[in-house]
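Reader: I am new to this structure and would like to understand one part of it properly before looking at the rest. Please choose a single element, take me through it closely, and then show me how comparable details appear elsewhere.

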Amino acid sequence: MKGTALLGALGVAGLTVGGAAAGTLDDVKARGMLNCGVSEGMVGFAAADVNDHWDGFDVGMCRALAAAVLGDPSAVNFVPTTNKIRFTALASGQIDVLARNTTWTFSRDVNQQFDFVGINYYDGQGFLVPKELGVSSAKELNGKAICVQVGSTAELNLADYFRKNNMEYTTVPIDTVADAQDRYLAGECNVYTTDASGLAATRATFQNPKDHVVLPEIISKEPLGPLVRHGDNEWGDIVRWTLNALIAAEEYGVTSANVDELSGVTDNPEIKRLLGTSGSLGEMLGLSPDWAKRAIMAGGNYGELFEKNIGQNTPVGLSRGLNAQWIDGGLLYAPPFR
């Protein structure tokens, strides 16, 4: 479902910086529905079709969380959020979790008082340009008009990078991904800059994607992940360990196809604890013993979600890179389930 009505009363001003009252888990259970904030429409990550069915990598996290908490991966109200409204929506309680391309930074964690529960995509900021522009490096962008989302880390990183390299540019401010696509394709800006994953998702929507290239420079660290409000540690633990369950499941070879079988026959003690056939991890979270099993069944483990939505065989076409498991040379690493 799409929760645009929830945002009708929200303004970009008036973000209250303060701890959340504990009890999000109780609220979600009483409501029978998870309110999950997602991108307003980014192919591969979070987008709705003509029938208002949401799909994507971040959507998969929402469905896994709903399955873990409510036992139903469809019990999600997807609330599309822009850069301007996303933090207001979370701080005000209009959404229970924000699962969109949001960078974990000091000020967002400390000053705005949100808890990032982990990293589900290691990213970095890049630049998208038309091939006909004739540039092969970001160092050649001096004097160009650049589309960048206002109120984003990309806006600050852009200023830092051009200052450091003694270059000038003209800002073309944008509010949404759709706005960026329209202005870029209309030639109002020579360059579009945001997270490299977002650039790949944007290019995938173009009629002729091969006419556009992502330049090789990555100018920042952009650790993206779900976040919740300060002040409700119980809820933060649930979101954190649901993400960890998807990551750990891939490492252990637990998939949406074999999770039922493994829960009954495996001798691996870590998998047994993960799937709730031994130990009391679910009880510690205030959930049923099979909470992680239900999360995995909702859409698959981390690798399944990645390959289905944004992997190399999709229009977005992303390689695992830093987002590979640590045993495969990447940075993904779930703490022990014990």
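Author: Just after helix H5, Asn-166 takes a positive phi of about 55°, and the helix that comes before this residue is the part I would like to look at. This is a predicted model, in which local features need pLDDT of at least 70 and side-chain atom pairs count only at pLDDT 80 or more, while totals for chains, interfaces and linings use all residues. Residues are numbered from 1 along each chain as its sequence is written, and side-chain values use heavy atoms, with hydrogens and water left out.

Helix H5 runs over residues 153-164, and its 12 residues reach 16 Å from the first C-alpha to the last, close to the 16 Å expected at 1.5 Å a residue; that expected span is 1.5 Å times one less than the number of residues. Helices (H or I, at least four residues) and strands (E, at least two) are DSSP runs, numbered from the N terminus.

Which residues of H5 are buried? They are Thr-153, Ala-154, Asn-157, Leu-158, Tyr-161 and Phe-162, where buried means under 20% relative accessible area, exposed over 50%, and partly exposed in between (1.4 Å probe, protein chains only). Seen down the axis of H5, these buried residues fall within an arc of 150°, so they line one face of the helix; the arc is that of the directions from the helix axis to the C-beta atoms. An α-helix has 3.6 residues a turn, so residues three or four places apart point the same way. On the other side of H5, Leu-156 and Arg-163 are exposed.

The buried residues of H5 pack against several elements, including helix H4 (106-110), strand S8 (125-130), strand S9 (144-149) and strand S10 (169-174), with contact meaning heavy atoms within 4.5 Å.

H5 also holds a salt bridge, in which the side chains of Asp-160 and Arg-163 meet (3.1 Å, N to O); the term stands for a side-chain nitrogen of Lys or Arg within 4 Å of a carboxyl oxygen of Asp or Glu. Both residues lie in H5, 3 residues apart, about one turn of the helix. Asp-160 is partly exposed, with a relative accessible area of 44%, whereas Arg-163 counts as exposed at 56%.

By this rule the count comes to 11 salt bridges, and some of them reach across the chain. The side chains of Lys-84 and Asp-175 meet at 3.4 Å, N to O. Lys-84 lies in the loop between S4 and helix H3 (86-91) and Asp-175 in the loop between S10 and helix H6 (177-185), so the pair ties together parts that are 91 residues apart in sequence. Both ends of this pair are partly exposed, Lys-84 with a relative accessible area of 43% and Asp-175 with 36%.

A further salt bridge joins the side chains of Glu-250 and Arg-320 (2.9 Å, N to O). This pair links distant parts of the chain, 70 residues apart, with Glu-250 in helix H8 (residues 233-252) and Arg-320 in the segment after helix H13 (302-309). Glu-250 is partly exposed, with a relative accessible area of 21%, while Arg-320 is buried, with 16%. Elsewhere, Asp-179, Arg-183 and Glu-188 are linked in a network of salt bridges.
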